[in-house]
Every structure is written in structure tokens, then in C-alpha cells.
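Student: I am new to this structure. Please walk me through how its helices and chains are described.

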Amino acid sequence: MIRQLFKFREMLLVIIIAILLAVFSTRSQGFATPGNLANIFNDTSILIILALGQMTVILTKSIDLSVAANVAFTGMAVGMLNAAQPELPLMLILVVALGIGGVLGAINGMFVWKLNIPSIVVTLGTLTIYRGMAFVLSGGAWVNAHQMTAPFLQTPRQLFLGLPILGWTAIVIVAVMYLVMSRTFLGRAIYASGGNPTAAVYAGIDVGRTRFFAFVISGTLAGLCGYLWVSRYAVGYVDIAAGFELDTVAACVIGGISTLGGIGSVAGAVLGALFLGVIKNALPVINISPFAQMAISGSVIITAVIFNARQERRRGRIILRDRGASEQIEVAA
Amino acid sequence: MSAIPEKRFIPDRLGTSATRLFGSWEALLFAVAVLIFIANSLASPYFLNAWNLSDATFNFTEKAMVAFAMALLIISGEIDLSVAAIIALASTAMGAAAQVGIGTPGLVAIGIGVGVGCGVANGILVAGLRLPSIVVTIGTMSLFRGIAYIVLGDKAYGGYPASFAYFGQGYVFWVFSFEFVLFAVLSIVFAILLHATNFGRRIYAIGNNEFAARFSGIRVERIKFTLFLLTGLMSGIAAVCLTSRLGSTRPSIAQGWELEIVTMVVLGGVSILGGAGTIGGVVIAAFVMGLVTFGLGLLNVPGIVMSIFIGLLLIVTITLPVVIRQFRHRKSA
């Protein structure tokens, strides 16, 4: 199991992240201290959770471009709920966040499952619809810090063993997702329906239904992040997390999750997200304009795609590239 | 992808050419366009006015130019999500050139040149290195727009020469703007390219069965490269028109256009899975989208609510044929 966890790809990422940290700490003394590393992890928590949702969808040979819009809508909804009904307990708000996110994910999933519409088209559409709905819901108004209650804002910031609850949430989600992907029927079905859909059907797996549940997982996690986002930044507005769906895809691609489906691991997605998080936090330290971040993540995505393609090609012998041949790439477990 | 074998409905004869014409997607879309036109003229007394209608065309001409090339690309089974970012980068380059006093012909050459350069970069990555176009162009999308952000940050370029304004604000004849005439000419050029040349037939062949196309001697990679170059070229031309119309450049210029352009193409009846579609359909779809957004604008509907309509339009138009097919299926079974 340990060898499975630290396959070549994941180990390489760990080494690269370690080298990055070492280089950055030569430029700034405080960068690699435990306290700052905990800060970086905490800062990256939301990306980690969303990347895990994106991973489940990509593993089934689909893509969910609506996650960031889902975050915006759910965040807006729970923020307004908290402002309007301050007496509601936080647990209930969390359930509402998970519920709204799950329903939005299920809508994507139904289109993909029942109507067989390519996921990229469905989620491109719902991406604008969900964010538009956030505008309709709020009328363009903001939910500001003073309108939200103390438990709503403070709970994710509480320190527990030196790490805020937000960071612990990410750790719990990582653990749960690891168990789901490796120890449950659904997790194995997700790998199978992406690795070789035809074989999955013959093995008795309902591929469409599996994709539906992948979208529900992604949506539910996005809903959770909607609350976490609004609480962390203490403000809710229509444009929160705009463009963040690309970061989640980037984290997955960097983490070695194949966009052809069926290949990838929880550890990869987490490390991919951490890689982006380290770079994002290091830019101000090494005096690079934050405006450069977009171009850097773009270059990293392209490099990672090239790198992934080389690795995947080594697994299967592809004489002529076509969809059939790429499906024959063995499922990496 | 449905792996479960389905009962197939095979008609015993083809419909007459008249029923096929009226039953076609383009005819349906044309009817929708007429309906929207009538609804608009009933809803607003200001709608039916030659100058007003001429203004309405600016809503879609630039997007439609890119949509023509995108249609070819999607028919061949690829996609380019970086088009809006190419527009931003080309516009930034023109802005930078205008600051050092380069004249109008130079600016146009730079805008189109940057567009072609970006298209070539996409083409090399997808056709040359054989990488999946969705992820590659998500990467280049952040890279291209990221470069624009590095150059401009939160600033804006202005101060274009007066003669440069012609491309976005000039009129060729009466109410027919330069952009509209260019749009009309390009639609004819692309219709001929797709429907009356060997090159066009090859695009369909690749989209329908890349494997078979390769065995029938079609240089798949070369054609795909050309299509990416063409898409870059059209994005460059759109950048010239848009920059000239707005008279200024921000790095967020044309934000989200990739979605609207893909919507336009898919709305025009081009199959997102490749292999089917016409330029005529895309032209009508451009009018439909332009009329919808302009009509809603006359009714004072905010832009983000319009984007809900665009998203719904995308999903409904893709879902409708599938639902109808399933319904017919059940009836015939």
C-alpha cells in the first residue's frame, strides 16, 4: 500500500515541491518554517478539496467546469441565509451548503447520465447559469463581514494542534476520498468507467450512473467550499472564485490525472494542488508580480500535459493514435 | 458514450428533399430567429429601426468571425478554448505597439500576427505533440491571458491612431458597418472552404472517423494544425475589430468569449462530438444570439442575467434533439 501511495509520479512531485520550498527559503528566511507551511496548507485547503472533486469527475472521462460557479452560488446562498437568519445553527448551514452543492452537481450529472450530453458542454452551460443565479439571488449585492455571525466566520479559523479547522477539513476530506476511491465499489467503478467504459459495462458497472455520482461528489464538495470560501474571505459576492475551475483542472493535470480518464490518484490531486499553492504563496516572497500567476499556472499546465502524455504513451503501445487505442491504456490502480 | 447496445431505428426510405429541408436544424433555428425578431419588435418600439438593427450586429460579428473557424475545428473533433485569451493578447500587443507610435497598418499586422502565432503554438501542441486539445487550450488560455496581465497589470492601453477606429466603427455603405461586411464576406469564404473544397471534406472525414481518415491517406495532423492556425488568425482579426471598436485594451478584454463562441457553434447545429455541422447554421446561430442579447438589452436586462439565457440556450438546444430522438425511439419501439 505504501508503494502504491508513493508511485513514481507522486514521489517526483514531492521532490519538486521540496526543491521549490528550499529555493524559496534561501530568498526569504521565514518561508519554510512550520508555521508558514501550515499557512500555505491552510491557504490551499479549498483548492485541495475542489481538486479532489474534479479528480473524481475526470477519472470517469468527464470534466466539471461548473465547480467555481457552484462555489459562488452556494457561498452566496449560505452567506445570505446566515445574514437573514442569524439564529440558525452552523451545522444546519453546513447541511444546506452540502445540499445545494450536491443538487447543482446532480443537475450536471443527470444531463450526462440520462441524456448522454458531453460533460464539457453541460458544464460550460451550467457554469454561466449557476453564476447568473447567484446574481439573481443576491441582486448583485454583497454579503459583508458585519452581516455574518461570529460562529459562521470564526469556526474555520479555530486553531486545533496549530492548524486551523479549515486545514483539518481538507485533511478529513482527503482521507475520506482516499477511502472512497480505493476501498468502495463506487471508487473502483469510477476508475473502471474512465479506464475502459466498454469493459466496465461488461463487468456490470452502470457507467452513466457512476458518472452521475462523480458529479454529485464534485458538486457536494463544491458546496462545502462555497461555505468555506465565504467564511474564509468574510465576504460573499457574485464573482467569488471566478475562473477557479481552471485551477482545479490544473491541479489534477499537474497531479498526473489523465484527462482521458481512469488514471490518477488522490495523492496526485493533493500534491498538484499543493504545488500550485506553494507557487502562489511564493510569488510575493520572490518579488514577482501577482499578475504573473496566471501565466505561470498556464505554463505549468502545458508542461504537465506534455509530461503526462509521455508517461501514458509508455504504458500502452500506440501505433496510430485514436480513441480506441487511448482507451486500451491500462487502468492504473 | 453509450456502451449498451440500443435498438436502432432505420427508416426504409429517405425523406423528400423538402421534408429534409424543413426538418433540418438550420430551418428550426431560422424559425427561432424569426420568432425572436418578431418578439423583439413587439417588446420594444425602438427595435425596428435600420440604425438600431445595425448596432445590434456589433453584438455578434466579432464572435461569429471566430465561431466560423471554431466550427471547422469542432467538426474535426478538436476544440480551442483559448480564443478569447488570444484576442486579449493580440489586443495587448497592438496597444503596446500603439504606445510607441506605430501606425494603423502596423497595428493590424501585429494583431493578426500575434493571433496566428498563438494559433501556431496551439497547433504544435495538439497536432505536433498529439496532446488532448481541451486541456492544452485551457493551459494556453491562462498562458496567453496571463501574459496580457503581466504586460498590463491593472492598467489599460488607449491612444490608438484615429484611422485605426475604422475597423470597429466605420461604415462601408449606409448602415452596413465594416464589421458586418467583413462578417458576411468571411461567412461566404468559410462556407466555400467547408462545403465545396477537398479540405472541407477532409475535415468531416477526420471528425467522423479519424482512424479511417488516416488510412485513406488524409494528413490528419497537418489539417488539424492548419485549423488551429486558422482559429488563431480569426481571433487576431476579431481582436483588431474589437480593439478598434472599444478604443482601449484591458487584460480582461473579451473575458468569457470562448464560452459564447462555443455556444454559437453548437447552437448552429455543429456536433460537439465532431463530424457534422454547417456554416449556414453558425451564421443563423450568430443572428439568434445577437438578437437575444440585444433584445434583452433593450429591455434593460443586466448582462449576467443574459448569460443565463445563453447558458440555457446552449443546454436546451443540445438537449432537445436528444429528447426528441428518445421520444421517437419509444414510440417506434
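Student: Why are helix 4 and helix 5 of chain A called roughly antiparallel?
Tutor: This is a predicted model, where local features need pLDDT of at least 70, side-chain atom pairs count only at pLDDT 80 or more, and totals for chains, interfaces and linings use all residues. The axes of helix 4 (residues 67–84) of chain A and helix 5 (residues 90–114) of chain A cross at roughly 150° and come within 10 Å. Angles over 145 degrees count as roughly antiparallel, so these two helices of chain A earn the name.

Student: What makes the contact between them?
Tutor: Contact means heavy atoms within 4.5 Å. Among the residues are A:Phe73 and A:Leu81 of helix 4 of chain A, with A:Ile100 and A:Leu104 of helix 5 of chain A. The contact of helix 4 with helix 5 of chain A has nine nonpolar, five polar and no charged residues.

Student: Why are helix 2 and helix 13 of chain A called roughly parallel?
Tutor: Helix 2 (residues 8–27) and helix 13 (residues 266–282) of chain A pack at about 15°, their axes 10 Å apart. Angles under 35 degrees count as roughly parallel, so the label fits helix 2 and helix 13 of chain A.

Student: How do you know how much area chain A and chain B bury?
Tutor: Buried area is the accessible area (1.4 Å probe) that two parts lose on being put together, summed over both. For chain A and chain B that is about 4,300 Å², 79% of it on carbon and sulfur atoms. The contact takes 47 residues from chain A and 52 residues from chain B.

Student: How are residues and chains labelled?
Tutor: Residues are numbered from 1 along each chain as its sequence is written, and chains are lettered from A in the order in which they are written.

Key:
Side-chain values use heavy atoms; hydrogens and water are left out. Axes are lines fitted to C-alpha atoms, for helices over the stretch in contact, and angles run from 0 to 180 degrees between N-to-C directions. Helices (H or I, at least four residues) and strands (E, at least two) are DSSP runs, numbered from the N terminus. Angles under 35 degrees count as roughly parallel, over 145 as roughly antiparallel, 65 to 115 as roughly perpendicular and the rest as oblique. Ala, Val, Leu, Ile, Met, Phe, Trp, Tyr, Cys and Pro count as nonpolar, Asp, Glu, Lys and Arg as charged, and the others, Gly among them, as polar.
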